[in-house]
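Here's a quick tour of one model, going through its charged pairs, a helix and some packing. Have the structure open as you read.

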Amino acid sequence: MSSKKAKEFLLRMVYVEMLGQDASFAYIKAVEMCASNAISHKRAGYLVACLCFSPQHEFRFMLVNQIQRDLMSSNQLEACAALHSVCKIVTEDMIPAVIGEVVKLFEHEQDLVRKKAVLAMHRFYQMDPASVEPYVDRLTRMICDKDPSVMAASLQVNHAMILEEPGRFKELVPSFVSILKQVIEHRLPRDYDYHRIPAPWMQMTLMRILALLGAGDQSASEGMYEVLADAMRRADTGITAGYAIIYEALRAVTTIYPNEVLLDAAATAISRFIRSDSHNLKYVGIQGLAAIVRDHPRYAVDHQMAVIDCLLDPDESLKRKTLDLLLRMTNSANVVVIVDKLTVFLQSATEESFRTDLVNRITECAERFAPNTFWYVQTMMTVFDLAGDKVKSSTAQTLLQLIADGEEDDEDEDNEECNTKKLRIDAVEDFLTLIEKPVLPPVL
């Protein structure tokens with residue numbers, strides 16, 4: 001049959017396999033089509049091979065020689081077809097046969113070919129990092145490529161390598177800072193803008209890289225402070241992509257060596273997220289504030305009431321994330337305020353799993369940060385009253401042990417005995433009130 005009809009039948013064969021039928025009888029025709037001189041037929045053959053050949057299929061090895069020839073082709077379309085296919089067809093044991101030809105294409109005059117060559121190397125790195133090791137220097141140099149698309153592609157594979165071994169790439173900090181500065185100053189073509197935000201995905205990748213390189217390293221971090229602050233300021237335009245950049249910058253700021261000015265700017269930006277009407281922005285705000293509070297708890301005070309208000313949101317995932325953040329924010333200075341607010345929410349909460357989470361958070365905060373035993377006992381009595389069936393038996397045992405031990409005051413034994421007696425009397429009276437309820441949870 002003609003090549004044109006063979007191509008049509010191959011594409012129909014793909015549809016047959018999509019329907020769950022076995023069409024392996026036609027696979028050999030796909031291998032033959034890959035050797036066609038017509039680029040449309042060659043691409044159809046590679047497409048079928050990518051979609052249908054399993055990693056263990058013997059026909060994959062029949063394509064190695066053809067892929068090598070196409071990689072060396074002077075026709076950029078043939079080279080691109082081969083580069084696209086190696087990402088899907090080549091297995092770990094086939095990498096040595098083609099990686100040399102892929103690296104040679106780093107010098108190709110066409111930016112599309114260079115970009116696909118970098119992407120192919122990224123795929124090789126995912127399959128077998130050791131195979132890419134001899135070419136690490138070449139890959140790091142690709143971030144300085146004159147074409148922005150090649151540079152953007154190289155950032156991905158460099159990010160993957162830095163993720164595994166950050167210390168090895170510390171000398172590249174100035175290069176990444178310079179690239180980020182070029183991006184945020186609109187030096188890239190307008191084609192890379194998204195809603196007037198310059199190359200937002202490239203910015204976010206660069207910030208992730210900088211966060212890895214600056215973690216715990218003061219000298220490396222000091223070179224990033226200015227560009228991160230500038231990126232946050234320029235991204236604050238009310239566009240969703242800008243919010244994503246601010247969040248990524250916040251993650252970088254909380255990861256690198258701390259800087260007070262940057263932390264203040266990040267906390268200010270994140271406070272607007274928490275007070276937003278958008279569920280998504282509130283969720284991002286809660287996530288960001290959790291990252292700040294983890295190492296810098298002083299920022300929790302300014303936002304604790306806004307965070308507590310997020311519990312009113314109908315979104316379940318946001319409420320649970322808020323509970324986790326409140327647990328991190330709680331300390332001996334604000335435990336009374338936060339627990340009181342959580343108790344109010346417990347009164348109106350109806351969803352069972354959310355009530356269970358609330359009870360667990362209240363009891364954990366009260367156990368860790370109670371200002372005194374009287375307050376703890378009264379708080380637990382309120383929890384028993386509102387949701388006694390959700391209280392863990394271990395929590396009840398802790399309460400009984402505290403009542404048994406009484407108040408401890410080494411300076412005045414008489415006062416200690418008086419306080420302990422009052423504590424026990426109050427506890428008994430509160431328990432008597434609770435057990436008058438018609439239905440009692442077993443733990444009570």
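E185 and R187 pair up through their side chains in a salt bridge, with 2.5 Å from N to O. Keep in mind that this is a predicted model. How exposed are the two partners? E185 is partly exposed at 26% relative accessibility, while R187 counts as exposed at 52%.

That pair belongs to a bigger set, as the structure holds 21 salt bridges. Here are three of them side by side:

| Salt bridge | N to O distance |
|---|---|
| E185 and R187 | 2.5 Å |
| R361 and D324 | 2.3 Å |
| K390 and E352 | 2.4 Å |

Take R361 and D324, whose side chains meet in a salt bridge. This pair links distant parts of the chain: R361 sits in helix α22 (residues 352–369) and D324 in helix α20 (residues 316–329), 37 residues apart. R361 has a relative accessible area of 15%, so it falls under the 20% cut-off and is buried. D324, at 32%, is partly exposed.

Then there's the salt bridge between K390 and E352. K390 comes from the loop between α23 (373–387) and α24 (393–405), and E352 from helix α22, so this pair ties together parts that are 38 residues apart in sequence. K390 counts as buried at 16% relative accessibility, whereas E352 is partly exposed at 43%. Elsewhere, E133, E165 and R168 are joined into one network by salt bridges that share partners.

Now for a helix. α8 (residues 111–127) has 17 residues and reaches 25 Å from its first C-alpha to its last, close to the 24 Å expected. Its buried residues include V113, A117, A120, M121, F124 and Y125. An α-helix has 3.6 residues a turn, so residues three or four places apart point the same way. What covers the buried residues of α8? The cover includes α6 (76–89), α7 (95–104), α9 (129–132), α10 (136–141) and α11 (148–164).

Further along the chain, A427 has its place in helix α25. A427 is buried, with just 2% relative accessibility. Beyond its neighbours within four places in sequence, A427 is in contact with V377, M381 and I403. M381 is 46 residues from A427 along the chain, and their C-alpha atoms are separated by 8.3 Å.

Finally, the surface: V428, L432, I435 and L440 make a nonpolar patch of about 340 Å². One of them, I435, lies in the segment after α25 (413–434). I435 is partly exposed, with a relative accessible area of 42%.

Conventions. Residues are numbered from 1 along each chain as its sequence is written. This is a predicted model: local features need pLDDT of at least 70, side-chain atom pairs count only at pLDDT 80 or more; totals for chains, interfaces and linings use all residues. Side-chain values use heavy atoms; hydrogens and water are left out. Patches are made of residues with over 30% relative accessible area and no salt bridge: like charges are joined within 9 Å, nonpolar side chains (Val, Leu, Ile, Met, Phe, Trp, Tyr) within 5 Å. Accessible areas come from the Shrake-Rupley method with a 1.4 Å probe; for residues, only the protein chains shown count as cover. A salt bridge is a side-chain nitrogen of Lys or Arg within 4 Å of a carboxyl oxygen of Asp or Glu. Helices (H or I, at least four residues) and strands (E, at least two) are DSSP runs, numbered from the N terminus. Buried means under 20% relative accessible area, exposed over 50%, partly exposed in between (1.4 Å probe, protein chains only). Contact means heavy atoms within 4.5 Å. The expected span of a helix is 1.5 Å times one less than its number of residues.
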